[in-house]
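Student: I would like to go through this model residue by residue, then look at the chain as a whole. Where should we start?

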Amino acid sequence: MDIRTSHRPQPKTVSTPVSAANQVNMSAVKQPRRDMKWIIAGIAIVLSLIIATAFLWGNKFFGAEKYINRDGYQAVFLSNSQVYFGHLEQASPHHFVLKDVYYLQVQQPVQPQKDDAAGQTPQQASLSKLGGEVHGPEDVMFINDEHMLFWENLKADSKVVQAIKENQKK
């Protein structure tokens with residue numbers, strides 16, 4: 001007896017003639033399932049867009065953006081003890097953009113003179129515009145909020161804002 005060939009009986013297939021009426025009914029049953037898949041896919045896409053929009057623009061309504069005075073200047077205090085002034089915007093939940101940037105530059109005299117009362121040399125600070133440094137940065141800063149201690153809106157009559165306006169007239 002040959003092991004490769006099997007003498008098992010093959011199952012019988014029964015074919016029944018399908019009428020045209022039955023074919024129509026079968027397609028009518030399959031159609032709602034196809035429509036349901038498209039509806040579910042559409043709902044998933046709409047929900048994804050809503051979630052993405054809420055994530056990207058949610059900080060405009062719930063973050064720092066609503067407290068920033070768009071018409072004024074802000075002071076940004078960083079963890080490296082630097083202070084920058086400019087127009088602040090919240091770019092994402094954890095990143096800020098500072099435009100029209102100024103900073104204080106402390107000038108120390110070449111030969112310090114002792115102040116009689118305190119025993120320290122007086123220091124003078126001047127306001128400098130970002131962009132004139134050796135490395136040639138653009139006049140915009142991108143700040144990670146991990147390095148930002150805090151920020152403040154500046155009054156229009158503050159000495160810093162007045163110095164910025166004077167600098168812009170030049």
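Student: Leaving aside neighbours within four places in sequence, which residues is D100 in contact with?

Tutor: This is a predicted model, and contact here means heavy atoms within 4.5 Å. D100 lies in strand β3, which spans residues 95–107. With neighbours within four places in sequence set aside, the contacts of D100 are Y73, F85, G86, H87, K129, D139 and Q168.

Student: Which side chains make polar contacts with the side chain of D100?

Tutor: A polar contact requires a pair of N or O atoms within 3.5 Å. The side chains of D100 and Y73 are joined at 2.8 Å. A polar contact of 3.2 Å links the side chain of D100 to that of Q168. The names asked for are therefore Y73 and Q168.

Student: Is D100 buried or exposed?

Tutor: The cut-off for buried is under 20% relative accessible area. D100 has a relative accessible area of 17%, so the residue counts as buried.

Student: What is phi of D100 near?

Tutor: D100 is a residue other than glycine, and its phi is positive. The residue sits in strand β3. Its phi is near 55°.

Student: S81 has a positive phi too; where is S81 placed, and is it buried or exposed?

Tutor: Phi of S81 is near 70°, again in a residue other than glycine. S81 belongs to the loop between β1 (74–78) and β2 (83–92). Exposed means over 50% relative accessible area. S81 has 65% relative accessibility and therefore counts as exposed.

Student: How many bridges pair β2 with β3, and in which sense?

Tutor: A hairpin joins β2 to β3 through 2 residues. Within this pair, H87 stands opposite K99 in β3. The pairing of β2 and β3 comprises 7 bridges, and its sense is antiparallel.

Student: How many bridges join β3 to β4, and how many join β3 to β5?

Tutor: Strand β4 covers residues 124–129 and runs antiparallel to β3; one of the bridge partners there is L127, which is matched with L104. Strand β5, residues 140–144, is also antiparallel to β3, with L98 opposite M141 in β5. The count is 6 bridges for β3 and β4, and 5 bridges for β3 and β5.

Student: In what order do the elements of the protein chain run from the N terminus?

Tutor: The protein chain holds 2 helices and 6 strands. Helix α1 takes up residues 20–62. Read from the N terminus, the order is α-β-β-β-β-β-β-α.

Student: Which residues form the nonpolar patch on the surface?

Tutor: L47 is one of them, and its place is in helix α1. L47 has a relative accessible area of 46%, so the residue is partly exposed. Together the patch residues have about 670 Å² of accessible area. The full list is M36, I39, I40, I43, V46, L47 and I50.

Student: What share of the residues of the protein chain counts as buried?

Tutor: The chain exposes about 13900 Å², of which carbon and sulfur atoms supply 59%. The buried share refers to the 170 residues of the chain, and the value is 21%.

Student: Among contacts with a separation of 6 or more, what share comes from residues 24 or more positions apart?

Tutor: The reference set is the contacts in the protein chain with a separation of 6 or more. Residues 24 or more positions apart account for a share of 53%.

Terms used. Residues numbered from 1 in each chain as written. Predicted model: local features only at pLDDT ≥ 70, side-chain atom pairs only at ≥ 80, totals over all residues. Heavy atoms only, no water. Patch = residues over 30% accessible without salt bridge, like charges linked within 9 Å, V, L, I, M, F, W, Y side chains within 5 Å. Areas by Shrake-Rupley, 256 points an atom, 1.4 Å probe, with all protein chains shown as cover. Salt bridge = Lys/Arg side-chain N within 4 Å of Asp/Glu carboxyl O. Helix = DSSP H or I, 4+ residues; strand = E, 2+ residues; numbered from the N terminus. Buried < 20%, exposed > 50% of the residue type's maximum accessible area, 1.4 Å probe, protein only. Polar contact = N/O pair within 3.5 Å; in protein donor to acceptor, adjacent residues only side chain to side chain. Pairing = 2+ DSSP bridges.
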